[in-house]
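Please open the model in a viewer and keep the selection tool at hand. The tour below goes stop by stop.

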Amino acid sequence: MKIRIMNRQHNLRAACLALLALVFSAGLHAETLHEERSLYRNIFVTEIEGRRCLLFNAVRGERNQTCKNMRDPKEIIFHYARMTMGGLLINPDPQNILIAGLGGGTIPVALNELFPEAKIDVLEIDQAVVNVARDFFGFVENDNMVAHVVDARVFIKRAALQGRQYDFIMLDAFTGEYIPEHLLTQEFLEEVKQILTPDGVVVANTFSTSALYGHESETYRAVFGEFFNFKMSGSGNRVIIAQQKPLPNQGEMRIAARALQGPLRPYGVNILEFPSSMTTRPDWDESRRVLTDQFSPANLLGQ
Amino acid sequence: MTVSPKNTLLQNVIVAAAFINGFVIMTIELLGGRIMSPYFGSSVYVWGSIITIFMLSLSLGYLWGGRLSSRNPNPRTFALFFLLSAILSLPIIFLGEWTMTQVFLSIEDPRYGSLLTATLLYFLPICFMGMVSPYSVRLLVSSEEHSGRMAGLLYFVSTLGSALGTLMTSFYFVLWFEIDQIMWGAIAGLLLSGAAVMIAYRIPVRERTEVQKGSTVL
């Protein structure tokens with residue numbers, strides 16, 4: 001009897017030790033640096049082997065919003081974020097940049113470094129995300145780069161009323177799940193178009209595998225006409241690159257890519273690869289209905 | 001007058017109308033978020049504004065509906081609430097864009113912009129929809145001892161309607177229809193409810209009981 005109890009205690013102790021070891025070793029790999037609950041979501045900052053990531057609603061899906069290599073802070077880790085630099089092939093020297101959706105601030109910081117003279121407005125609905133980007137991802141506002149805590153639709157509507165325009169507009173506003181419904185409609189894109197200079201470019205980050213894909217594509221086409229449907233292997237994202245005037249041809253983009261190659265190299269962006277993947281050919285169901293303010297059940301359609 | 005217990009048709013129609021009323025309130029409330037998001041965003045304060053105004057409108061509707069029910073309660077007034085709710089919902093369709101543009105131009109802060117818009121578009125119709133609840137209790141209660149039971153039934157039915165209205169609108173209607181089409185559906189539901197009450201009221205009942213003097217005060 002006594003021996004059995006001893007045994008049991010021993011087993012228990014062994015189990016505890018094993019569990020402790022497991023927790024400890026896991027802790028070595030992924031450490032949660034910060035947790036914050038905002039009005040909109042739970043925000044987590046984790047660090048795994050020198051790679052720091054921002055997560056929204058980590059319980060479900062664990063979708064990384066952005067990651068940063070702490071040993072090489074310039075490197076843009078996510079494919080999609082690199083792909084958004086493809087907008088520079090259309091407008092290689094932006095003066096007024098608007099970015100909807102801050103995340104960890106990777107894209108605005110890169111653009112601010114590349115174009116220190118350009119004015120950059122970053123729109124972020126959640127003050128907590130601005131704080132986290134500042135405290136953990138090195139997003140520092142300056143004279144030319146300002147973060148506005150505002151809903152992108154509200155800011156853009158007011159900018160249109162005030163006649164302000166941008167020559168580089170990036171739409172990258174995501175919740176933990178997808179793009180908010182009122183930022184997917186034809187009316188919204190018309191408002192975006194109003195604040196786009198005649199030579200300006202719109203770059204939108206979307207998913208390439210969702211039931212929404214066809215609806216989204218048709219909506220962009222209804223507003224901008226033909227656009228570059230930019231996909232790369234290794235990425236589940238599709239980047240839409242659109243402008244008001246006719247799109248440049250492959251030759252023109254290759255010339256632009258050669259000029260941008262050097263400046264973009266420190267960011268891990270090989271822009272020479274981009275032009276051949278930027279096609280205008282529709283690869284979606286063209287009978288899909290355009291999303292409007294009256295009809296935008298985006299998150300239902302997306303499932 | 002209290003509806004005679006003999007007139008079961010009218011009683012059932014009033015209960016059904018309370019159900020539709022609860023349904024429509026939540027349909028309109030949910031669409032409110034959609035209607036306002038192009039102007040004020042989908043931030044948490046837009047929902048804050050909508051829910052605040054709906055609760056305020058309903059609470060005052062309950063108060064005024066209850067007061068009105070103590071003076072000559074009759075199904076005609078009850079049906080009139082539905083007609084007025086329907087008519088006062090029309091500006092949401094026809095003047096919504098214009099109203100929101102004006103508010104957007106004059107108020108910079110989207111919190112107060114959405115609060116004012118919600119007041120302008122929803123206060124009056126939702127007020128009348130709130131009046132339906134206490135008035136329906138007054139019409140159906142014929143004796144003191146079963147007043148609580150009747151009030152319970154009406155709360156049950158109208159809140160059940162609200163639950164279904166929320167579910168159907170957010171899961172299915174927005175997928176099947178445009179926002180204005182759903183609004184027209186809600187308005188049609190209100191008008192049909194009012195009409196059904198009037199029709200049931202007009203159908204003669206063989207034995208109509210007299211006005212019950214003891215039950216004028218709830």
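Angles between helix axes under 35 degrees count as roughly parallel, over 145 as roughly antiparallel, 65 to 115 as roughly perpendicular, and the rest as oblique. The model shown here is predicted.

**Stop 1: a helix pair in chain A**

Select residues 186–194 of chain A, helix α6, together with residues 213–224 of chain A, helix α7. Their axes come within 9 Å and cross at roughly 40 degrees, so α6(A) and α7(A) are oblique to each other. The crossing of α6(A) past α7(A) is right-handed. To see the contact, show side chains for Q186(A), L189(A), E190(A) and K193(A) in α6(A), which meet T219(A), Y220(A), A222(A) and V223(A) in α7(A). By class, the residues of this contact are 4 nonpolar, 2 polar and 2 charged.

**Stop 2: the rest of chain A**

Now select chain A as a whole, with its 10 helices and 12 strands. Of its 303 residues, 42% count as buried. Counting contacts in chain A between residues at least 6 apart in sequence, 69% join residues at least 24 apart.

For a covered helix, go to α3, residues 106–114 of chain A, where 7 of the 9 residues are buried. These buried residues are T106(A), I107(A), P108(A), V109(A), A110(A), L111(A) and N112(A).

Next, pick E49(A), in the loop between β2 (42–48) and β3 (51–56) of chain A. Is E49(A) buried or exposed? A residue counts as exposed if 12 or fewer other C-beta atoms lie within 10 Å of its own. E49(A) has 11 and is therefore exposed. Its phi is near 45 degrees, a positive value in a residue other than glycine.

Colour chain A by pLDDT before leaving it. The average for chain A is 87, and 87% of the residues score at least 70. Which elements of chain A have the lowest and the highest mean pLDDT? Helix α1 (residues 2–29) of chain A has the lowest, 52, and strand β5 (residues 96–100) of chain A the highest, 98. Over residues 1–6 of chain A the pLDDT is below 50, and this stretch has 0 contacts in the model beyond near neighbours in sequence. Where pLDDT is low, the predicted coordinates should not be read in detail.

**Stop 3: where the chains meet**

Show both chains and select the residues in contact between them: 15 residues from chain B and 15 residues from chain A. On the side of chain B that touches chain A, the elements that give two or more residues are α1 (8–40), α6 (147–176) and α7 (179–202) of chain B. The largest share of that side, 4 residues, comes from α1(B). The residues on this side of chain B divide into 9 nonpolar, 4 polar and 2 charged. For the model, ipTM is 0.84 and pTM is 0.86.

**Stop 4: a helix pair in chain B**

Hide chain A and select α3(B) and α7(B), which pack with their axes 8 Å apart at an angle of about 165 degrees. The two helices are therefore roughly antiparallel to each other, and their crossing is left-handed. Residues of α3(B) in this contact include F78(B), F82(B) and L90(B), and those of α7(B) include M183(B), L190(B) and Y201(B). By class, the contact of α3(B) with α7(B) has 17 nonpolar, 4 polar and 2 charged residues.

**Stop 5: two single residues and a loose end of confidence**

Select S136(B) in helix α5 (residues 110–140) of chain B. With 29 other C-beta atoms within 10 Å, S136(B) is buried. Leaving aside neighbours within four places in sequence, S136(B) is in contact with I14(B), A18(B), F78(B) and L154(B). A distance to check is the one from S136(B) to G65(B): their C-alpha atoms are separated by 9.2 Å, although the residues are 71 apart along the chain.

Then move to N72(B), in the loop between α2 (44–68) and α3 (75–94) of chain B. N72(B) is exposed, with 11 other C-beta atoms within 10 Å. N72(B) has a positive phi of about 45 degrees although it is not a glycine.

Finally, colour chain B by pLDDT. Chain B averages 92, and 91% of the residues score at least 70. Over residues 207–218 of chain B the pLDDT stays under 50, and the model has 16 contacts beyond four places in sequence for them.

Definitions and conventions. Residues numbered from 1 in each chain as written. Chains lettered and ligands numbered in written order. Predicted model: local features only at pLDDT ≥ 70, side-chain atom pairs only at ≥ 80, totals over all residues. Axes fitted to C-alpha atoms, helices over the stretch in contact; angles between N-to-C directions. Left-handed = near helix turned anticlockwise from the far one by under 90°. Contact = placed C-beta atoms within 7 Å. Nonpolar A, V, L, I, M, F, W, Y, C, P; charged D, E, K, R; others polar. Buried ≥ 20, exposed ≤ 12 C-beta atoms within 10 Å, placed from the backbone. pLDDT = per-residue confidence, 0-100.
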